[in-house]
Each structure stands twice: as C-alpha cells, then as structure tokens.
Amino acid sequence: MIESLRLKNFSKFLDLPIQFSPKINIIIGENGTGKTQLLKAAYVANTILSDELQGADLAKRLCRIYRPAGDSLGKLVRHGTPAGVHAEIDANFAGGQRLQAKFTSASKTAALPISIAQPALGSPLFLPTKEILSLLRGIKSKEADSKTIESIFDSTYLDLCDKLLAKKPIKVEDIIESDPRFGSVYEILVNTLEGRFSLTEFVGTVTMSFDPGQYQVQRDKDQHDLNTRMQAKFIANKGESVSANMAAEGIRKLGIIQLLLQNRQLDPGRTGTLFWDEPETNMNPKLMRLLVEILLELSRNGQQIILATHDYVLLKWFDLLMDPDKDDHVRFHSLYRDQDTSAIKVASTEDYLKITPNPIDEAFGFLINQEIENDMGSLGK
Amino acid sequence: MKIVEADGFEFRFADALDAFVFDETDTSKPTFHGSFMKGVDIIAEFEEAYIYVELKDYDDLSIYDVRGATNDEERKLRQDGFKWLKNYLKYKFRDSYLYRHAEQKVEKPVHYVCLITFDNALNTRMQKALKQELPVGKASRRWVQSLATSCQVVNLDKWNENFPKWPVTRLAAVTGGA
C-alpha cells in the first residue's frame, strides 16, 4: 500500500508531494496536468518492490512505461531542469518499504540501484484507458511482432495482458466457498454482467468467450438441513456462449475485473495497489454506479485503489455511495497548474464539495455561462 | 447603484434603475408586499429588462441529488426534495409575475435568476427542469408574450463571473434561510 509519493524534476513535475489514502484515491485535473504520469510513477514504484518483480531494472521499467524519446532515461527529467540536477522518485509504503531513485538528463539507460524491499509488496495492477480484452488476442498472437506490439502499447497494457493470462490456481467455485467475501463481490459482478467471461491460452492462441448466465442460490436435492449455508451456482443460459468481442465495450471493462478476481491476480488484502486510468472511457453512465459499488467493496476488503477520472458521474457516485460506517475513505486529489509558476501542484481533500480546482464541475459551469450569454446577452456585464 | 440585502447576501446593482426586496415583510416600507401571494426575494429593473432573483443557501445539497440515492426510499425522498424546490421556485416566479402584472410592471422581458448554492452540475439540472415548467418563452401558440424570457440557476461564483455589474457578497454572521 503506497502512503506517499514525491516526484521532483520528473516527467511534468517540478516538485509534487502527494499523500495517498490507504483506501480510495481519485485524481482529477485538466488534460496535461499529469494524471496518468502520476499513476504510472506510483505503479512502477510498487512494481519494482513487488514479490514478482523485486530487483528488476528500474530504468528499463521506467522507459517501457513512459517510452521517452530514444528510450533514454534522461529524457524523463523534467524539461528545463538544469544539467546535472537530479530527477527524483521517492515512494513510501505502509510497511516501511521505500523506493528512492535519482537520475540526471545525462543518464541514458544506465541501471539504477537495485531496490529490494522487506517484506516485498504485493504486485500492483494497472488498468489503462483503452479496453484490453478485445486486443489481447492480437497482442499475444504468435504471429505478432513483439517490437511492433511494444511500439504501439506501453507496458501498462502488456503487464495487464500477462496478469489476465496468469494461470488460475483453483476453480472459482472453490474460492467462493472458501472466501464468502470474494463470493459476494464476484457474484454481484457476474450477475450484473449477466454472464461471465472466460479466457484460455493454448499454444499461443488466446480464446475468450462470454457465457451468459447468472449465479442463483440452489438447494441440493439431498440437503435437508435448512440451516446449511446455501451456495450460489452459476447457471449458464443454454447454448448461448458468444465471443467476448460481441459484448459491449463497457461490459468488457468490468469483465477485466471479473477475470482478475477469478484468477486471483486481484486479491484484496494481498495484491498491491489497483490503478485505473479513466475507468469511465466507453462506459455507459448507467454502469458507473455498479463500477463504484464494486470498487468500494474491493476497498472494504483491503484493496487500495488509485484512479484518475474526468467524469462527473463517477466522482459523484463515490461521494454519494461511500459509507463512513463501513470505514470507507475517499481522498480526492486535484492536479492543477500554478498560475504564477505554471508548476503542477496538487490539492487533496476528503470533502467532495471542497475539491478546488474542480475542472469536472467547471465543465458544467461553462454550459451555464454559455446559456446566460445566449439568453441574457450583455445584461449585468 | 442600487444596494439590496436579502437572506444574508448583499447585491450591488451598478446599472439598475430600481432594485428592492420584493417579498418585503416590513409594513413601514413603500415596497411592502402585503399579499398572500408568494414573492421572489428581489426584483431589479434595468433599461431593457426586469430581473427576478430568488435565493437559496444550502449547507447540504445532497438531499436534492436524486442520482445519489442509495435505495428506493432515499431516492423518493430526494426526488421529493428536488421536486419541492423546483415547484417552490416555479410558483414563486408565477405569483410574482402575476403580482407585477397587477402593478402593470411586466412591459419588459423578465429574466429569472435563481442563486442556489449547489454545484454547477446540480444547478444545470435544476435549470433544465425549471425552464420547462415555468415555462420559458411562448409556451402556447395563443400567447403573444412570454412570462419568463429566460431562467438561470447559478451559484455565488457563477453569479459573480457572469454578472460583473451586479456583484453579490455573503454577509458575515448570517446563516441561510428561506
């Protein structure tokens, strides 16, 4: 769980310190204020200290995710930083783990000191803006040229593909039985999707399908004890298995959560932070409430979440559905450019109404201004 | 310059011909309302138009935000809250218009501006609902004039941004009221 991050002379940031909530963090800001850059930095820091990638080459990871010109690490130093002055990434985690990295614009691909954390962190997840399920088959195809793939997609996409294809340790029904909390989130998700996605990889060919159906509570015929907990079973609609590509894009985005829960790559309490860049993209606004409910449920089970959004409906659902009685905690972080120095700064608050600046609400404000101008002309001006 | 105080706010209408508290309860004042009809808080007159101003200062706007209801009961309460406020704003306008008709003071276009301390998103929803129901414009083929020429719902920041000649400030030590 990441507690704080400080970026100095790195990417777009002159000096940006940010304190994260252990539960849910929502980053807003106009285009160009570095929301995705911030998410990526926190993700890389978590990745490099994770049980899976502990000690990996940080410089290489940074280049794969940010893809600076010429794959040169030095290009990640903020434009305008004097020669010899370091870019710095300083990330602190809840268990006392810390990642500190420094480099200058002269650094090309030189490896940074290897970072080892004790204990290692859970591996984080990053859900990028574009929906990935429909791209998975192409990305993982034997015929695909890996260089070409890497030139199209940054590593957040490729990492997510690997996560989606990680082998399932046990059957989902067994997880539901052993972990009722998992079962509750998973069943709600499947029932809302009105089916479940499945994904298999066989000799380099990825096959995805979507099986319409739902979880229903059924009593076994020979079960006479009414007090026995009844387990829901997935009842597939007969003969309706369809290609995953047929499902609507917004549904596929939620399908990613379902698949990651199912193969335990998303395992609240164990996994590292879940990063999600603009979950609203191509999502029907009506699905937004469900999305927020699921994220809150994951958070209640110990999952730290950091997401970036432009969407009012998403933001508002968090404000409205969060329940302090269930120990929910949401921190809003607004990235903005300082008017005098043009440096990017952050204002964080727990109070939805106190988010300032709030470019999302301001978008509605522009509609109001235009309407007044159309209707009232120069009155009052 | 006409300065009007109402419900904890001070308005300075730089270019107004007249501006006064419309629902005046002080019998000694010449603008005393003296009627069982509802009245908007302020009426300001300009060369080319009348502006009706209604104020609502809320600490908690969530009671009106239907989208955020977490269950049916809550949704109904909030729907009722939103509907109540919309109707309140609607009938205040209509009664005021009728009152002004009797005063023979409806010869210029009338713009209705509600100053409500919601966020912009919720204000746009209120404006849309109100605009349909007031109604704005000539709602019937038989009408030769409109009741309301336009209707706007703005918060304090938006008011000051859009009407620089009519700055509003919140007066100290006064809490909101109806």
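In this predicted model, 21 residues of chain B touch 17 residues of chain A. On the chain B side of that contact, the elements giving two or more residues are helix H2 (120-133), strand E7 (150-154) and helix H3 (156-162) of chain B. H2(B) chips in the most, with four residues. By type, the chain B side splits into seven nonpolar, 10 polar and four charged residues.

**Chain B at a glance**

- Chain B has three helices and eight strands, and reading from the N terminus they come in the order β-β-β-β-β-α-β-α-β-α-β.
- Of the 178 residues in chain B, 35% are buried.
- Take the contacts in chain B with a separation of 6 or more: 60% of them link residues 24 or more positions apart.

**The N-terminal hairpin of chain B and its partner**

- Strand E1 (residues 2-6) and strand E2 (residues 9-13) of chain B run antiparallel to each other, held in register by five bridges.
- Between E1(B) and E2(B) sit two residues, making the pair a hairpin, and Asp7(B) in the turn has a positive phi of about 50°.
- Want a landmark for the pairing? Look for Lys2(B), which stands opposite Phe13(B) of E2(B).
- E2(B) also pairs with strand E8 (residues 168-170) of chain B, again antiparallel, over three bridges; here Phe11(B) has Val168(B) as its bridge partner.
- E2(B) has two faces: Phe9(B), Phe11(B) and Phe13(B) are on the covered one, while Glu10(B) and Arg12(B) are on the uncovered one.
- That every-other-residue pattern fits a general rule: side chains in a regular strand alternate between the two faces of the sheet.

**The five-stranded sheet of chain B**

- Five strands of chain B make an open sheet with mixed pairing, in the order E3-E4-E5-E6-E7.
- Strand E3 (18-21) and E7 of chain B are the edge strands, each with a single partner strand, so each has one side without a neighbour in the sheet.
- From one strand to the next, the twist averages 15°.
- Strand E6 (residues 110-116) and E7 of chain B pair in parallel over five bridges, and within that pairing Val113(B) is matched with Gln152(B) of E7(B).
- Two helices lie across E6 and E7 of chain B: H2(B), at about 160° to E7(B), and helix H11 (residues 359-376) of chain A, at about 155° to E7(B).

**Helix packing in chain A**

- Helix H1 (residues 35-48) and helix H2 (residues 58-66) of chain A pack at an angle of about 145°, and their axes are 10 Å apart.
- The crossing of H1(A) past H2(A) is right-handed.
- H1(A) brings Lys40(A), Val44(A), Thr47(A) and Ile48(A) to this contact, and H2(A) brings Leu58(A), Arg61(A), Leu62(A), Ile65(A) and Tyr66(A).
- Sorted by type, the H1(A)–H2(A) contact has six nonpolar residues, one polar and two charged.

**Core and buried helices**

- The largest nonpolar core has 140 residues, and Ala42(A), Ala45(A), Phe275(A) and Ile42(B) have the most contacts inside it.
- H1(A) supplies the largest share of this core, eight residues.
- What does Phe275(A) touch, leaving aside its neighbours within four places in sequence? The list is Leu39(A), Ala42(A), Tyr43(A), Pro124(A), Leu125(A), Phe126(A), Leu127(A) and Ile306(A).
- Helix H10 (residues 312-321) of chain A has Tyr312(A), Leu314(A), Leu315(A), Lys316(A), Trp317(A) and Phe318(A) buried.
- The cover over those H10(A) residues includes strand E3 (24-29), helix H9 (288-300), strand E13 (330-337) and H11 of chain A, along with H2 of chain B.
- In helix H5 (residues 155-165) of chain A, the buried residues are Ser155(A), Thr156(A), Tyr157(A), Asp159(A), Leu160(A), Lys163(A) and Leu164(A).
- Those H5(A) residues pack against H2, strand E6 (125-127), helix H3 (133-139), strand E7 (195-202) and helix H8 (249-262) of chain A.

Conventions
Residues are numbered from 1 along each chain as its sequence is written. Chains are lettered from A and ligands numbered from 1 in the order in which they are written. This is a predicted model: local features need pLDDT of at least 70, side-chain atom pairs count only at pLDDT 80 or more; totals for chains, interfaces and linings use all residues. Two residues are in contact if their C-beta atoms, placed from the backbone, lie within 7 Å. Ala, Val, Leu, Ile, Met, Phe, Trp, Tyr, Cys and Pro count as nonpolar, Asp, Glu, Lys and Arg as charged, and the others, Gly among them, as polar. A residue is buried if 20 or more other C-beta atoms lie within 10 Å of its own, exposed if 12 or fewer, and partly exposed in between; C-beta atoms are placed from the backbone. Two strands pair if DSSP finds at least two bridges between them. Axes are lines fitted to C-alpha atoms, for helices over the stretch in contact, and angles run from 0 to 180 degrees between N-to-C directions. A crossing is left-handed if the near helix is turned anticlockwise from the far one by less than a right angle, and right-handed if clockwise. A nonpolar core is a set of buried Ala, Val, Leu, Ile, Met, Phe, Trp, Tyr and Cys residues joined through C-beta atoms within 7 Å.
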